[in-house]
Amino acid sequence: MSKLLRNDWAWLGVFLVAFVLFGPLPPALGMGAIVGDFGVQVLLTIMIYMIFGVGLNIVIGYTGLLDLGYASFMAMGAIVVAGGLVLTLQPEGETLQVPLDDLRLTQDQRELEANANAGPVVVQYRPDWGYDVVSGAEAVIAAKQAEGETGGSEPKTLSVQPYAGLVLPVGQKMAKGSHPFGSTGGFFLLLLIAGVVCAAFGVLRGIPTLRLTGDYYAIVTLGIAEIVYLVIQNEGWLTGGAFGIKLDGETIPQLFGADPTVDQGKIWLFNFYYVVLAALLFAFVFSKRLELSRLGRSWAAIKADEVAAMASGIDVKKAKMLAFLASGFLGGIGGGLYALKLTTVTHAQAEVFESIIVVCFLVFGGMGTIRGALLGAAALQGLAEFLRLLADPFWVRETFHLAADSELAIPNEARMLIYGLMLVLLMRFRPQGILPPRAGSDPPTDEQLAEWRKAKTPLYEVGGKA
Amino acid sequence: MDIDWGYFLKTLCNALSEGSIYALIAVGYTMVYGIIKLINFAHGEVYMIGAMVSVWLFVEQQLPLLAVIPLSMLVCAGLGLFLDTVAYKPLRKSTRLAALITAIGMSLILQGVVQLITPNYHALPSDTTATVVGEEKVEALAEPRAGAEAVAKVRPDQARPVTDASNKEFVGVSWRIKAGTDPVTVWLPRDAVKIEQGLPDVLDRSVVGEVAFAAPAQEDVDGEPAISIFRLPLKDVLVWITAFAMMGGLHLLVQKTKIGKAMRACALDQTTASLMGVNVNRVIAFTFMVGSAMAAVAGILYSIKVGGNIFFRMGYYPGVIAFAAAVLGGIGHLKGALVGAMLLGFASSFWQGYANWGLHTLVPGSGGKDLSPYNFAFCFLVMIVVIVFRPYGLLGRAGADRA
């Protein structure tokens with residue numbers, strides 16, 4: 001039994017069976033789910049956080065570096081996917097009608113001092129407010145003055161040219177069929193791009209942090225994550241700023257022929273659920289294969305003792321870089337899927353608390369094992385969703401059959417408190433987590449031992465040739 | 001090129017205040033790290049609680065400022081002792097990663113508790129105000145005497161109170177009874193009025209001195225030569241004096257007293273210190289208490305200087321930046337913490353004051369780009385560069401511990 005408890009594949013099997021059992025039923029069976037719509041959303045969140053947990057486990061669990069900036073990857077993956085889905089290719093010379101009030105001029109343009117903008121009006125769309133006037137400010141000012149003189153009883157529009165090139169959408173949205181990322185294949189391509197972007201960012205972030213270990217590594221990743229957060233919050237032209245990028249039925253891609261707007265998106269949700277499950281399976285196998293590979297062994301060596309690993313001929317820099325790359329890739333994939341689940345991607349995705357939540361999963365489950373990441377995500381994300389329900393006095397009243405005037409509820413803020421308590425108590429009483437890895441590797445099974453005994457070649461041979 | 005000297009001095013004054021506050025937080029990080037090599041993540045929350053407690057004591061309990069400072073120092077010293085005893089002491093023998101995760105956990109716990117107790121943002125009001133509480137309308141009297149005839153009923157509203165020490169049961173409130181009329185002083189029962197103390201006028205608005213400069217030519221108004229006036233607020237001077245007095249006191253404590261000698265001994269080598277008869281655990285607890293008391297002073301100074309934004313997350317950024325300051329100066333050095341904090345205070349304030357100006361001068365056509373929200377990003381960048389290239393800090397020696 002305890003052997004089974006320490007088997008990653010067994011845990012994966014348990015979770016897969018649970019996810020299939022409680023997930024949405026296939027279209028032929030009427031599309032309901034045992035746990036209801038809310039339950040399906042909770043399961044989706046848990047699966048996505050499992051991907052994050054597996055991804056972060058590569059750096060924290062395998063390589064032994066406390067990374068406090070994983071939220072940057074989660075947010076960047078989400079922003080790449082959400083941005084890609086609302087991105088459109090604007091041909092040059094096309095004109096469209098834009099409400100005059102949505103046109104935004106800068107101070108310089110208003111005073112017409114810096115560059116007197118004559119010529120056609122060219123605008124660039126920003127998701128957080130209307131349209132930035134790129135050039136042609138003079139015409140806009142004239143139109144605004146004219147509107148002021150006539151009283152502006154009805155909203156006036158101005159014909160403008162969108163900024164040519166690949167930009168966030170101006171005016172009308174592209175028909176979904178023609179959108180490069182609107183189809184299943186396009187979405188997977190976009191997901192891959194998100195993964196690659198995040199992997200590249202992981203490597204980029206690895207350059208300054210390569211020599212660091214311990215708490216200096218933690219604090220530098222935290223600092224970088226804060227810079228990323230501030231950039232996401234303030235660069236509204238790229239990320240939507242405080243308002244975020246919103247996805248709707250028009251922009252969410254079709255998955256295997258199902259459209260989110262058809263039949264209340266039930267078939268789409270079914271397809272999406274299994275896409276996420278497949279991604280989780282991919283993350284698991286990817287991470288497990290890495291763990292057992294030569295690279296995984298060098299990570300374990302670095303975790304045990306970096307200097308000794310270096311002395312044993314392990315290319316520590318390369319191994320660490322590959323860990324950052326793999327971890328970032330999974331973070332990007334998970335973030336991209338999370339964008340579709342959330343439908344609104346804001347800078348809140350990049351907050352430090354988000355990173356710490358995923359660290360909590362790993363600490364809870366036991367650092368260094370995939371089963372720990374899976375268990376931590378399931379238990380703690382499930383707990384978080386349960387706490388969210390407990391914050392609602394109506395739900396508490398109905399569920400626990402309390403008196404009609406009961407206002408009993410646990411405030412939502414308690415979540416932070418509970419996570420903090422959990423971290424402190426676990427570190428105090430069970431620092432290795434609920435399902436810790438064995439010291440050394442798992443002991444060989446009886447079959448393996450029998451096979452080794454039968455083998456003619458000795459296990460170790462002096463001189464290198466085995 | 002013309003320089004707006006008034007603006008420059010204002011930025012300088014903000015930079016000094018910001019640096020003083022960071023310095024007071026940074027000494028807590030640097031002392032704790034110097035002895036037990038732990039990034040006390042919850043230190044920013046101690047600062048936050050210091051600010052909260054001082055605002056609560058001052059506004060709600062109406063204690064004078066001179067009583068608030070020692071009281072909230074005491075509360076925070078107790079909190080520091082609590083943190084050490086409950087969270088960190090049991091983990092002395094475990095890995096540093098475990099201690100760091102515990103510190104993060106304690107930080108979340110303190111934030112969560114404060115958020116549960118005070119869900120609303122607290123700000124230090126600049127005016128003393130009186131609000132009618134309990135009932136919707138209260139009869140106001142013309143004279144402070146039980147049974148005196150009522151003037152009018154006053155609604156829950158805010159007005160300036162005139163307290164009279166000779167009469168404990170009634171509070172005189174300058175109230176506008178009818179809209180448009182002059183305010184009259186009416187007397188309300190003491191328990192029907194909630195008085196929130198604000199900063200005394202002397203402290204809030206007083207100016208130590210002012211200097212006028214000729215402003216740059218393009219800012220002329222109506223053909224008259226514009227002047228740019230710099231007024232040095234009393235608040236800022238108070239912040240500087242308090243911070244430097246505290247730092248000086250701390251320096252004396254560490255260098256001249258017996259417990260200070262024990263702290264230095266523990267920072268050098270705990271085992272040897274314990275063999276020489278130093279009670280290491282007691283020294284560590286004392287270090288936590290001193291550091292937390294300093295953070296409490298920083299919290300008070302922040303609430304005097306800024307007056308707003310006092311809420312459960314306020315400790316996070318100053319905490320991380322103060323840690324950056326401690327690293328920048330060389331972790332484990334008190335002087336290093338002061339130097340690093342001043343540098344980061346200057347970096348942050350001058351970035352806020354001059355980043356946009358610099359961008360627009362250097363890059364023509366950069367129009368509406370606003371760089372000022374990136375002041376903390378700039379501080380973090382400084383921290384990262386220092387940790388990567390000079391992990392022992394500006395005043396530290398190479399070969400010292402680099403985590």
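How buried or exposed is B:Lys37, judging by the other C-beta atoms within 10 Å? I looked it up and found B:Lys37 partly exposed, because 17 other C-beta atoms lie within 10 Å. For my own memory: a residue is buried if 20 or more other C-beta atoms lie within 10 Å of its own, exposed if 12 or fewer, and partly exposed in between, with C-beta atoms placed from the backbone.

A note on what I am reading: this is a predicted model, where local features need pLDDT of at least 70, side-chain atom pairs count only at pLDDT 80 or more, and totals for chains, interfaces and linings use all residues. Residues are numbered from 1 along each chain as its sequence is written, while chains are lettered from A and ligands numbered from 1 in the order in which they are written.

Back to B:Lys37. I found it in the loop between helix H1 (5-36) and helix H2 (43-60) of chain B. Its phi is positive, about 55 degrees, although B:Lys37 is not a glycine.

Next I turned to A:Thr343. This residue is not a glycine either, yet its phi is positive at about 65 degrees. I located A:Thr343 in the loop between helix H13 (316-342) and strand S9 (344-345) of chain A. Helices (H or I, at least four residues) and strands (E, at least two) are DSSP runs, numbered from the N terminus. A:Thr343 counts as partly exposed because it has 16 C-beta neighbours inside 10 Å.

Last, A:Trp11. I found it in helix H2 (residues 8-22) of chain A. A:Trp11 is buried, since 23 other C-beta atoms lie within 10 Å.
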